[in-house]
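Biologist: I'd like to learn how to read a ligand site in a model. Could you walk me through this one?

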Amino acid sequence: MTRTGVYPGTFDPVTLGHMDIIRRGAKLVDRLVIGVTTNPSKNPLFSVEERVRMVKREIEGLPGDVSVVTFDSLLMDFAEREGASMILRGLRAVADFEYEYQMAGMNQQLNCRIETVFLMADVSLQPIASRLVKEIAFYGGDISKFVGPRVTADVARRVDAIGRKGS
Ligand code: ADP
């Protein structure tokens, strides 16, 4: 039986932290489906199509069966549709805990056949958050330690188009 896992997120933009979780997750399952949420409530910097394209580009050449799709439904319905037996989430220190704990608990009630599995990124990558990457970029800071080179260029282009802060 093929073991499928889904890794959902906003990926606005995909960071080296996400990539580390993807690499670790891909080793746990036969098939990993990265689900990019439309999530308009988060007011993303990149459209869902752009985010999917960026994640696809970043995972090129990764070993294993890793794919990227967009979804706009309940996470458990998405996971069920993909035939997944687990949902992968990254866990960063205390900041993520409350939210992740609540979400995993409610998802358990919605569908007890699918388990949420938490992974920790490499210690050096744990503080990375898409929200901070965007904030640093908008103030003209260097984000190249936190995201891949092509994502760095994409963010710079978008920030230039919108206009930097504090200038
Ligand atoms: P969401 O909008 O669901 O929080 P994100 O794109 O921010 O989506 O993150 C997707 C998942 O990746 C979440 O489980 C988040 O905790 C995890 N994640 C993001 N950055 C890191 C990191 N640096 N280390 C570990 N996990 C991370």
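Biologist: Which helices and strands each supply at least two residues of the lining of the largest pocket?

Modeller: First, keep in mind that this is a predicted model. To read a pocket, ask which elements its wall comes from. Here strand 1, helix 1, strand 4, helix 4 (97-110) and helix 5 (130-138) each supply at least two residues of the lining. Helix 4 gives the most, with five residues.

Biologist: How much space lies in the largest pocket, and which lining residues are closest to its centre?

Modeller: The space in the largest pocket comes to about 1000 Å³. Of the 38 residues that line this pocket, Gly9, Thr10, Lys42, Arg89 and Tyr99 are the closest to its centre.

Biologist: And what is the make-up of the lining by class?

Modeller: A count by class is a handy summary. The lining of the largest pocket has 16 nonpolar, 13 polar and nine charged residues.

Biologist: Where does the ligand sit?

Modeller: The ligand sits in that largest pocket. There are 19 residues around the ligand, and Tyr7, Thr10, Lys42, Gly90 and Leu125 come nearest. Strand 1 (4-9), helix 1 (16-28) and strand 4 (86-90) each supply at least two residues of this shell. By class, the shell divides into eight nonpolar, six polar and five charged residues.

Biologist: Which atoms should I look at for polar contacts?

Modeller: Look for pairs of N or O atoms within 3.5 Å. In the side chain of Tyr7, an N or O atom is 2.6 Å from an oxygen atom of the ligand. The side chain of Thr10 has an N or O atom 2.5 Å from a ligand oxygen atom. With Leu125 the backbone takes part: one of its N or O atoms lies 2.9 Å from a nitrogen atom of the ligand.

Biologist: How much of the ligand does the protein bury?

Modeller: Compare the ligand alone with the ligand in place. Taken alone, the ligand exposes 550 Å², and the protein buries 92% of that.

Biologist: What about the backbone in the loop between strand 1 and helix 1?

Modeller: Backbone angles are worth checking in a loop. Phe11, in the loop between strand 1 and helix 1, has a positive phi of about 50° although it is not a glycine. Pro13 is found in that loop too, and the peptide bond from Asp12 to Pro13 is cis, with omega near 0°.

Key: Residues numbered from 1 in each chain as written. Predicted model: local features only at pLDDT ≥ 70, side-chain atom pairs only at ≥ 80, totals over all residues. Heavy atoms only, no water. Near = heavy atom within 4 Å. Polar contact = N/O pair within 3.5 Å; in protein donor to acceptor, adjacent residues only side chain to side chain. Areas by Shrake-Rupley, 256 points an atom, 1.4 Å probe, with all protein chains shown as cover. 1 Å grid on protein atoms, 1.4 Å probe; cavity = no way out; pocket = protein on both sides within 12 Å on 5 of 7 lines; lining within 4 Å. Sits in = over half its atoms within 2 Å of the grid points. Helix = DSSP H or I, 4+ residues; strand = E, 2+ residues; numbered from the N terminus. Nonpolar A, V, L, I, M, F, W, Y, C, P; charged D, E, K, R; others polar. Points joined across faces, edges and corners; volume = space filled by probe spheres on them.
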